[in-house]
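Let's take a friendly tour of a protein model, looking at how its side chains meet. Keep the 3D view open as you read.

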Amino acid sequence: MIVVAGTQRLHAADLDRLRDVANATIAATRAETGCLVYSFAEDLTEPGLVRIYEEWESRDDLTRHGQSDHIAAWRAALSEVEVLGRDLKIIEVAKSEPLA
């Protein structure tokens with residue numbers, strides 16, 4: 001399993017402008033083959049901070065996701081605002097089990 005986790009920081013007003021395209025991106029991504037989890041969460045205490053969390057069955061699935069039309073649209077929308085910071089990591093998971 002591949003996990004992508006981290007943050008993206010925007011001006012709060014820009015986040016509001018991106019909300020519709022973000023929701024469309026999330027919906028399209030969740031329908032992709034290999035997508036297990038895909039979520040953006042706005043931090044309640046830091047306006048404009050988005051926490052990103054994804055789970056993919058494989059690196060190939062993540063690569064295909066990065067080449068999708070909806071990610072191209074997301075990147076185009078992001079290019080119209082100022083991204084103040086981005087810190088995303090790819091984590092390869094060897095084993096996962098429920099927390100007891």
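## A histidine and its neighbours

Which residues does histidine 65 touch, not counting residues up to four places away in sequence? The contacts are Thr29, Glu32, Tyr38, Glu54, Trp56, His70 and Ile71. Please remember throughout that this is a predicted model.

You can find histidine 65 in helix α2. Is histidine 65 buried or exposed? Histidine 65 counts as buried, because its relative accessibility is 5% and the cut-off for buried is under 20%.

## Two more buried residues

Helix α2 is also the place of aspartate 61. With a relative accessibility of 5%, aspartate 61 counts as buried. Leaving out residues up to four places away in sequence, aspartate 61 touches Thr33, Gly34 and Trp56. Notice Trp56 here, as histidine 65 touches Trp56 too.

Now move to helix α1, where threonine 25 sits. Threonine 25 has a relative accessible area of 1%, so this residue is buried. Its contacts, again without residues up to four places away in sequence, are Tyr38, His70, Ile71 and Trp74. Threonine 25 and tyrosine 38 are 13 residues apart in sequence, and their C-alpha atoms are 9.7 Å apart in space.

## Aromatic rings together

How many aromatic pairs does the structure hold? There are three. One of them joins tyrosine 38 and phenylalanine 40, with 5.4 Å from centre to centre and 45 degrees between the planes, and this pair is tilted. The two partners differ in accessibility: tyrosine 38, at 4% relative accessibility, counts as buried, whereas phenylalanine 40, at 22%, counts as partly exposed.

Tyrosine 38 also pairs with tryptophan 56. Why is this pair called edge-to-face? The ring planes meet at 75 degrees, with the ring centres 6.5 Å apart, and planes over 60 degrees apart count as edge-to-face. This pair links distant parts of the chain, since tyrosine 38 belongs to strand β2 (residues 35–42) and tryptophan 56 to strand β3 (residues 49–56), 18 residues apart. Tyrosine 38 and tryptophan 56 are both buried. To complete the picture, Tyr38, Phe40, Trp56 and Trp74 form one aromatic cluster.

## Charges that meet

The structure holds nine salt bridges. Let's begin with arginine 19, whose side chain meets that of aspartate 16 in a salt bridge of 2.8 Å, N to O. Both residues lie in helix α1 (residues 12–30), three residues apart, which is about one turn of the helix. Arginine 19 is partly exposed, with a relative accessible area of 34%.

Arginine 19 has another partner: its side chain forms a salt bridge with that of glutamate 42, at 3.3 Å, N to O. Because arginine 19 lies in helix α1 and glutamate 42 in strand β2, this pair ties together parts that are 23 residues apart in sequence. Glutamate 42 is partly exposed, at 40% relative accessible area. Asp16, Arg19 and Glu42 are thus linked in a network of salt bridges.

Another salt bridge joins arginine 51 and aspartate 43, whose closest N and O atoms are 3.0 Å apart. Here arginine 51 counts as partly exposed, at 40% relative accessibility, while aspartate 43 counts as buried, at 13%.

## Into the largest pocket

What is the volume of the largest pocket? The volume is about 580 Å³. This pocket is lined by 27 residues, and those closest to its centre are Gln8, Tyr38, Phe40, Ile52 and Trp74. You have already met Tyr38, Phe40 and Trp74 as members of the aromatic cluster.

Which elements each supply at least two residues of the lining? They are β1 (2–10), α1, β2, β3, α2 (59–66), α3 (69–78) and β4 (83–92). Sorted by class, the lining has 16 nonpolar, five polar and six charged residues.

Terms used: Residues numbered from 1 in each chain as written. Predicted model: local features only at pLDDT ≥ 70, side-chain atom pairs only at ≥ 80, totals over all residues. Heavy atoms only, no water. Phe/Tyr/Trp six-rings, centres within 6.5 Å; stacked < 30°, edge-to-face > 60°. Buried < 20%, exposed > 50% of the residue type's maximum accessible area, 1.4 Å probe, protein only. Helix = DSSP H or I, 4+ residues; strand = E, 2+ residues; numbered from the N terminus. Salt bridge = Lys/Arg side-chain N within 4 Å of Asp/Glu carboxyl O. 1 Å grid on protein atoms, 1.4 Å probe; cavity = no way out; pocket = protein on both sides within 12 Å on 5 of 7 lines; lining within 4 Å. Points joined across faces, edges and corners; volume = space filled by probe spheres on them. Nonpolar A, V, L, I, M, F, W, Y, C, P; charged D, E, K, R; others polar. Contact = heavy atoms within 4.5 Å.
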